[in-house]
Structure formats: C-alpha cells, structure tokens
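Reader: I am in my first year and new to reading structures. Please pick one part of this one and go through it closely, in plain words.

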Amino acid sequence: MVKTDISTWHFVRKDDFGDDAEYTYAADGKDLIVTIKNADGTTNSKTYSMYNMESEADVEMAFNAAKSTCKNGGGNDNKIKSCVKDTVKALYYAENNTLTDLRDGQVYKTTTIDIPSKNYSEVWMALRDG
C-alpha cells in the first residue's frame with residue numbers, strides 16, 4: 001500500500017470465519033469507499049464521510065486505518081497486494097528535495113509532481129544537470 005496512491009489500498013485478509021475477504025479502497029470526491037468481497041462472492045460497500053479524501057491530513061488518517069485493518073486483520077501478503085512493509089522505510093531517507101539511499105549513502109535530487117486530477121503528489125528522482 002502506498003499512502004499517496006489509493007489504488008494500491010487493496011489486500012486480502014481473513015474474515016471472522018477464517019475465509020479470505022478482499023478489501024478495495026477508493027475515493028469518491030471527499031468520501032472514502034471500502035468494498036469488501038467476501039469468500040462467497042458477495043460484496044459490501046461502506047462509505048466513510050468522516051475522512052475528507054481531499055485533505056492531506058485526512059488521507060493520512062484513512063491510510064493508517066486501512067493499514068491497521070490489513071495488518072491487524074491477518075492481511076495475506078501473497079494473495080493480492082501486500083500491506084505496508086515497515087522495512088521499506090529503512091532503504092532510503094528523503095528530505096529537502098533529496099533522497100539518500102541508506103544502503104550506500106548515495107544522494108539523489110528529487111522533484112515533486114502534483115497530479116490535480118488524482119488529488120495527490122508524486123516524488124520522482126530529478127534529472128542530473130549536464
């Protein structure tokens with residue numbers, strides 16, 4: 001799961017009966033919609049208006065709630081997409097338009113690209129001068 005890309009908020013976890021249930025998250029304007037496909041093929045959708053998916057702070061809260069549902073609910077990393085891996089953060093450190101690869105200490109320039117139609121930004125490695 002990638003916080004800035006809600007299309008990656010997709011995982012399978014065990015339901016109360018031990019069967020696989022598939023969770024898919026989407027934003028509809030300001031609302032967060034969670035669709036759960038049960039093992040028997042039925043689906044349930046829930047709309048959460050308490051999160052304003054156009055607000056960075058609320059996206060952060062919604063992401064943490066989804067991540068918690070995946071991890072604490074026995075999310076199955078092998079089925080669909082994995083929950084957030086805490087170890088990924090240990091590979092790099094980013095600040096002040098730079099990314100430092102913690103494996104070898106290499107520092108790279110980054111640039112932020114705003115994507116208004118998706119209501120989020122992406123950080124990309126910048127081209128080198130010359």
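Author: Start with two strands, E3 and E4, which pair in the antiparallel sense over 6 bridges. One of the residues involved is Ile33, whose bridge partner in E4 is Thr47. Keep in mind throughout that this is a predicted model.

That pair belongs to a sheet. The sheet is open and is formed by 4 strands, in the order E1-E2-E3-E4, with antiparallel pairing. At its edges are strand E1, residues 10-14, and strand E4, residues 43-48, and each of these pairs on one side only. Neighbouring strands of the sheet are turned against each other by 25° on average, if direction is ignored.

Now go along the sheet from E1. Strands E1 and E2 are antiparallel and pair over 5 bridges. Within this pairing, Val12 stands opposite Glu22 in E2. The two strands form a hairpin with 5 residues between them, and in that hairpin Gly18 takes a positive phi near 85°.

The next pairing is that of E2 with E3, which run antiparallel and are joined by 7 bridges. Here Asp28 stands opposite Asp31 in E3. These strands form a hairpin as well, with 2 residues between them. Gly29 lies in the turn of this hairpin and has a positive phi of about 65°.

With the strands in place, look at one residue. Tyr23 is found in strand E2. Is Tyr23 buried or exposed? Its relative accessibility is 12%, so Tyr23 counts as buried, the cut-off for that being under 20%.

What does Tyr23 touch, leaving aside residues up to four places away in sequence? The list is Trp9, His10, Phe11, Arg13, Val34, Thr35, Ile36 and Thr69. For one of these contacts there is also a backbone distance: the C-alpha atoms of Tyr23 and Trp9 are separated by 7.9 Å, while the two residues are 14 apart along the chain.

Some of these residues appear again among the aromatic rings. The structure holds 4 aromatic pairs. One of them is formed by Trp9 and Tyr25, which are edge-to-face, with 5.9 Å from centre to centre and 70° between the planes. Trp9 lies in the segment before E1 and Tyr25 in strand E2, so this pair ties together parts that are 16 residues apart in sequence. Both Trp9 and Tyr25 are buried.

Another pair brings us back to Tyr23. Phe11 and Tyr23 are stacked, with their ring centres 5.3 Å apart and 10° between the planes. Because Phe11 lies in strand E1 and Tyr23 in strand E2, this pair ties together parts that are 12 residues apart in sequence. Phe11 has a relative accessible area of 0%, so it is buried. Taken together, Trp9, Phe11, Tyr23, Tyr25 and Phe63 form one aromatic cluster.

The same kind of grouping can be followed for nonpolar residues. In soluble globular proteins, nonpolar side chains tend to be buried together. Here the largest nonpolar core has 16 residues, and those with the most contacts inside it are Met1, Trp9, Tyr23, Tyr25, Leu32 and Met53. At least two residues of this core come from each of strand E2 (20-28), strand E3 (31-37) and helix H1 (56-72). Helix H1 supplies the largest share, with 5 residues. Tyr23 is thus listed both in the aromatic cluster and among the residues with the most contacts inside the core.

Last, consider how confident the predictor is. The chain averages a pLDDT of 79, and 80% of the residues score at least 70. Among the elements of the chain, E3 has the highest mean pLDDT, 94, and strand E5 (residues 92-95) the lowest, 65. Over residues 76-81 the pLDDT is below 50, and this stretch has 16 contacts in the model beyond near neighbours in sequence. The pLDDT also stays under 50 over residues 84-90, for which the model has 7 contacts beyond four places in sequence.

Technical notes:
Residues are numbered from 1 along each chain as its sequence is written. Side-chain values use heavy atoms; hydrogens and water are left out. A nonpolar core is a set of buried Ala, Val, Leu, Ile, Met, Phe, Trp, Tyr and Cys residues joined through side-chain atoms within 4.5 Å. Buried means under 20% relative accessible area, exposed over 50%, partly exposed in between (1.4 Å probe, protein chains only). Two strands pair if DSSP finds at least two bridges between them. Axes are lines fitted to C-alpha atoms, for helices over the stretch in contact, and angles run from 0 to 180 degrees between N-to-C directions. Contact means heavy atoms within 4.5 Å. pLDDT is the predictor's confidence in each residue, from 0 to 100. Rings of Phe, Tyr and Trp (its six-membered ring) pair if their centres lie within 6.5 Å; planes under 30 degrees apart count as stacked, over 60 as edge-to-face and the rest as tilted.
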